[in-house]
Amino acid sequence: MYSFADPGIPLIRTDGPVTCAACGCRLTLDESQHEPAWMHFHPFDGRDARGCRVECVDLPHDQSGAPIRLS
């Protein structure tokens, strides 16, 4: 049986879905950007897929889920 103290077992997954750091929504990879960017799934009128109003819904996000502020 495995133990969490076993150094051979990773405690953090790095291959899971990217989620928004602000609201927790799952993001999708936008391959149309020249740099890797993740976007909210089907943003509509300033709302995310759950219908929540979030400021970052139309902004690209980095791989950690943090919105990238465009200047």
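This report describes the fold, the core and selected residues of a predicted protein model.

**Overall composition**

The protein has 71 residues, and 24% of them count as buried. Its secondary structure consists of two strands and zero helices. The exposed surface of the protein is about 5700 Å², of which 55% comes from carbon and sulfur atoms. When contacts between residues at least 6 apart in sequence are considered, 24% of these join residues at least 24 apart.

**The two strands**

Strand E1 covers residues 27-30, and strand E2 covers residues 37-40. E1 and E2 pair in the antiparallel sense, with four bridges between them. The connection from E1 to E2 is a hairpin through six residues. Across the pairing, Leu 29 is opposite Trp 38 of E2, while Asp 30 has Ala 37 in E2 as its bridge partner.

**The nonpolar core**

In soluble globular proteins, nonpolar side chains tend to be buried together. Here the largest nonpolar core is made of eight residues: Val 18, Cys 20, Leu 27, Trp 38, Val 54, Cys 56, Val 57 and Leu 59. Val 54, a member of this core, also touches Cys 23, His 40, Gly 46 and Asp 48, leaving out residues up to four places away in sequence.

**His 40 and its surroundings**

Is His 40 buried or exposed? His 40 counts as buried because its relative accessibility is 4%, under the 20% cut-off. This residue lies in strand E2. Beyond its neighbours within four places in sequence, His 40 contacts the cysteines Cys 20, Cys 23, Cys 25 and Cys 56, together with Leu 27, Asp 48, Val 54, Val 57 and His 61. Several of these contacts are core members, including Cys 20, Leu 27, Val 54, Cys 56 and Val 57.

**Cysteines**

A disulfide is a covalent bond between the sulfur atoms of two cysteines. How many disulfides does the model contain? The count is zero. Cys 25 is in no disulfide, and its nearest cysteine sulfur, that of Cys 23, lies 3.7 Å away. Because a disulfide requires cysteine sulfur atoms within 2.5 Å, this distance does not qualify. Cys 52 is likewise in no disulfide; the nearest cysteine sulfur to that of Cys 52 belongs to Cys 25, at 6.2 Å. With regard to accessibility, Cys 25 is buried, with a relative accessible area of 7%, whereas Cys 52 is partly exposed at 34%.

**Accessibility of selected residues**

The table collects the relative accessibility of the residues discussed here and below.

| Residue | Relative accessibility | Class |
|---|---|---|
| His 40 | 4% | buried |
| Cys 25 | 7% | buried |
| Cys 52 | 34% | partly exposed |
| Asp 58 | 52% | exposed |
| Ala 22 | 59% | exposed |

**Two exposed positions outside the strands**

Ala 22 is located in the segment before strand E1. Ala 22 counts as exposed because its relative accessibility of 59% is over 50%. Between Ala 22 and Val 57, which are 35 residues apart in sequence, the C-alpha to C-alpha distance is 9.8 Å. Val 57 belongs to the nonpolar core.

Asp 58 is found in the segment after E2. At 52% relative accessibility, Asp 58 also counts as exposed. Its C-alpha atom is separated by 8.9 Å from that of Asp 48, 10 residues apart along the chain. Asp 48 is among the contacts of both Val 54 and His 40.

Definitions and conventions: Residues numbered from 1 in each chain as written. Predicted model: local features only at pLDDT ≥ 70, side-chain atom pairs only at ≥ 80, totals over all residues. Heavy atoms only, no water. Buried < 20%, exposed > 50% of the residue type's maximum accessible area, 1.4 Å probe, protein only. Contact = heavy atoms within 4.5 Å. Areas by Shrake-Rupley, 256 points an atom, 1.4 Å probe, with all protein chains shown as cover. Core = buried A, V, L, I, M, F, W, Y, C linked by side-chain atoms within 4.5 Å. Pairing = 2+ DSSP bridges.
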